[in-house]
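The following exercises concern a single protein model and are to be worked with the sequence and coordinates at hand. Each task is followed by a stepwise solution.

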Amino acid sequence: MRLNKTYWRAIRRYFLVFTAIAFLPLALVYLVRSEQIYKIKGYEYINETHLPLIPDEAIQSLSESDMLKVERRMERRRKFLAEKCSELGLDVVGNDSWHKPNPWEFLVNKKHHIIWCNVFKAASSSWMYNFNVLAGYSPEFLRKTKEIFLHLARERYPRVTLEELHEAQNNSVTFLIARHPFERLLSAYRDKFVYAIPHSLHDKFGRKIVRTYRKKSLQLKPPKYPTFQEFVRWLLDQIKHDNYLDMHFVSYTRFCTPCLIHFDVILKFETLEEDQLYLIDKTGLKQIIAPEWQNPGKGKNTLDLLQQFYSKLTRTEIDGLYDYYRYDFELFNYSATSYFNIARSNEEDIPEEPVLLLGKPPSP
């Protein structure tokens, strides 16, 4: 009996040793592959900051006098926003979506003490890139990946509660980028419908809008995407029935609730070059991120494009759009006067024709 126990003990010992030897190469392969996957996903530890550093000679910065000038600009914007919030009663918490703080859309980077409410179509591609760099994705990976930047960012920036946002704001800089509401809306329409990727969600949805808002006798005629007026009619119907709006079209006052959540820095599309340099310097990140412009060239002929598209709308349609985006206009000091001036009268029965554009100018 004792011999049998010794025998089986030896067999068990040899089996464990053999198993360990057999699985060692597999374990090594797994570790190597994990490291490769880690790098493929972009988390490459370059230095002690775990981020690639911009060479000193490539760092962009403002002069001391320009920093002071932009600081004063930011003070004026914060003051203007606070006064308008009070005047419009938007600084009081209520039950509707205009009066409820909305922390859901904020990206909070606790390590680098910077918080952003991502207003889509307001340099959002550029700053989504920067926030992904700050999250640890390497620039090389971001240049090559086919992944949607927002999806990558949400892997690293989980949604926060209002309490968590307020706590993070204690030692962080919170910012947003404002853009003229009607410029932003046109940019979103062109990007999501005129230049929609074939068979994509927006391409299919655009065809649905055409079927609903275009006369049946004209539905087989180009364009396949909704004209701007068809899109606006659809949008106004969604607003009228308080339906969910795509994040590219929703009012950013409703999206970021700037009267209920404090913003330290308010950048504007019109002064973005200086404003970005100021923000990067203020957050101490100028050796890590740069003023990215992911989609250059969008600003070309902007006034001509606005004239072409908005002149197709009636005064009633412009009124409807202004009524919805009113707070974006008022809180961030934008005017719609020129748009009302080019609107056609409601009585005009002008056959709507698509505005044809050559090529796809990238859109921020």
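**Exercise 1.** Classify Asp203 as buried or exposed, and then describe its salt bridge with Arg207.

*Solution.* In this predicted model, the relative accessible area of Asp203 is 14%. The cut-off for a buried residue is under 20%, so Asp203 is buried. Its partner Arg207, at 34% relative accessibility, is partly exposed. The closest N and O atoms of Asp203 and Arg207 are 3.4 Å apart. Both residues belong to helix H8 (residues 201–213), where four residues, about one turn of the helix, separate them.

Elsewhere, shared partners link several salt bridges into one network, made up of Asp66, Lys69, Arg73, Arg77, Glu274 and Asp275. The count of salt bridges comes to 20.

**Exercise 2.** Determine how far apart Lys84 and Glu87 are in helix H2, and assign each a burial class.

*Solution.* Helix H2 spans residues 64–88, and Lys84 and Glu87 are three residues apart in it, which means a separation of about one helical turn. Their closest N and O atoms lie 3.4 Å apart, forming a salt bridge. Lys84 has a relative accessibility of 17% and is therefore buried. Glu87, by contrast, is exposed, at 55%.

A further pair is Arg179 and Glu183, whose closest N and O atoms are 3.9 Å apart. Since the limit for a salt bridge is within 4 Å, this pair also qualifies. Arg179 is buried, with 3% relative accessibility.

**Exercise 3.** In what order do the four strands of the open sheet run, and which helix lies across E1, E2 and E3?

*Solution.* The order is E1-E2-E3-E4, and the pairing is mixed. At the edges are strand E1 (106–109) and strand E4 (265–268), each of which pairs on one side only. On average, neighbouring strands are turned by 20° against each other, direction ignored. E1 pairs with strand E2 (residues 114–117) in the antiparallel sense over four bridges; in one of these, Asn109 has Ile114 of E2 as its bridge partner. The helix sought is H3 (residues 124–134), which runs at about 150° to E2.

**Exercise 4.** Which members of the largest nonpolar core touch the most other members, and what does Tyr310 contact?

*Solution.* The core has 98 residues, and those touching the most other members are Trp127, Phe175, Phe231, Tyr310 and Leu321. When neighbours within four places in sequence are left aside, the contacts of Tyr310 are Phe182, Leu185, Leu186, Phe228, Ile318, Leu321, Tyr339, Ile342 and Ala343.

Notes. Residues are numbered from 1 along each chain as its sequence is written. This is a predicted model: local features need pLDDT of at least 70, side-chain atom pairs count only at pLDDT 80 or more; totals for chains, interfaces and linings use all residues. Side-chain values use heavy atoms; hydrogens and water are left out. Two strands pair if DSSP finds at least two bridges between them. Helices (H or I, at least four residues) and strands (E, at least two) are DSSP runs, numbered from the N terminus. Axes are lines fitted to C-alpha atoms, for helices over the stretch in contact, and angles run from 0 to 180 degrees between N-to-C directions. Contact means heavy atoms within 4.5 Å. A nonpolar core is a set of buried Ala, Val, Leu, Ile, Met, Phe, Trp, Tyr and Cys residues joined through side-chain atoms within 4.5 Å. Buried means under 20% relative accessible area, exposed over 50%, partly exposed in between (1.4 Å probe, protein chains only). A salt bridge is a side-chain nitrogen of Lys or Arg within 4 Å of a carboxyl oxygen of Asp or Glu.
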